[in-house]
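The exercises below concern the pockets and the surface of one chain, and each task is followed by a solution in steps. Please work through them with the structure open beside the text.

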Amino acid sequence: GNAVHALLAHREQWERLCESPELLPNAVRELLRHDTPVQWSGRRVMADFTLHGQRIRRGELVLALIGAANRDPERHEAPDRLDVARANPGALAFGTGPHVCLGASLTQLEAQTVLGTLLKRRPGLRLRGAGLRTQSPLYRGFVSLPVGG
């Protein structure tokens, strides 16, 4: 839902993918960066440390704001712009290191398949309303997304 909404709201990106479907693997990573489905992740600190002058103690809860990190202007040029051809989108949507999601590759392949099918079968697809977003502070998505065409 997030990917379809983003692409249809940025029509030029939808049309670019229709013309160049080989961009789909990169586009999926960019879409995950641009509108991250999971907004934050929590971890308990295993050992005391200092980060940017702030003392963090063992056992404290630290929240990593994934959605904000994916829009960090120090990491991404023009972070609010959706660009399906962005070089190395580097989305943190599935975590990283020892906390990377085991289903990340499958999920990305599924997204490529769904989007590729939509692009091929429904190139004229358009938003038919604003849609209804979930009310969860953790998960960003849609309850409904009216499309047609």
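In the classification needed here, Ala, Val, Leu, Ile, Met, Phe, Trp, Tyr, Cys and Pro count as nonpolar, Asp, Glu, Lys and Arg as charged, and the others, Gly among them, as polar. The model is a predicted one.

**Exercise 1.** Describe the second largest pocket by its volume, its lining and the character of that lining.

*Solution.* Begin with the space itself, which comes to about 180 Å³. Next, list the lining, which consists of Arg29, Leu32, Gly90, Ala91, Leu92, Ala93, Phe94, Gly95, Thr96, Val100, Ala104 and Gln108. H3 and H5 are the elements that contribute two or more residues to this lining. Finally, sort the lining residues by class, which gives seven nonpolar, four polar and one charged.

**Exercise 2.** Describe the largest pocket, and state which element gives the largest share of its lining.

*Solution.* The volume of the largest pocket is about 1,100 Å³. Of the 40 residues that line the largest pocket, Ile66, Leu92, Ala93, Phe94 and Gly95 are the closest to its centre. Among the elements that give two or more residues to this lining are helix H1 (2–9), strand S1 (40–44) and helix H4 (66–69), but the largest share, six residues, comes from H5. By class, the lining divides into 25 nonpolar, eight polar and seven charged residues.

**Exercise 3.** Identify the residues of the nonpolar surface patch and the element that gives the most to it.

*Solution.* The patch is formed by Trp40, Leu61, Leu63 and Leu65, which together have about 370 Å² of accessible area. Strand S4, where Leu65 lies, gives the most to the patch, with three residues.

Conventions: Residues numbered from 1 in each chain as written. Predicted model: local features only at pLDDT ≥ 70, side-chain atom pairs only at ≥ 80, totals over all residues. Heavy atoms only, no water. 1 Å grid on protein atoms, 1.4 Å probe; cavity = no way out; pocket = protein on both sides within 12 Å on 5 of 7 lines; lining within 4 Å. Points joined across faces, edges and corners; volume = space filled by probe spheres on them. Helix = DSSP H or I, 4+ residues; strand = E, 2+ residues; numbered from the N terminus. Patch = residues over 30% accessible without salt bridge, like charges linked within 9 Å, V, L, I, M, F, W, Y side chains within 5 Å. Areas by Shrake-Rupley, 256 points an atom, 1.4 Å probe, with all protein chains shown as cover. Salt bridge = Lys/Arg side-chain N within 4 Å of Asp/Glu carboxyl O.
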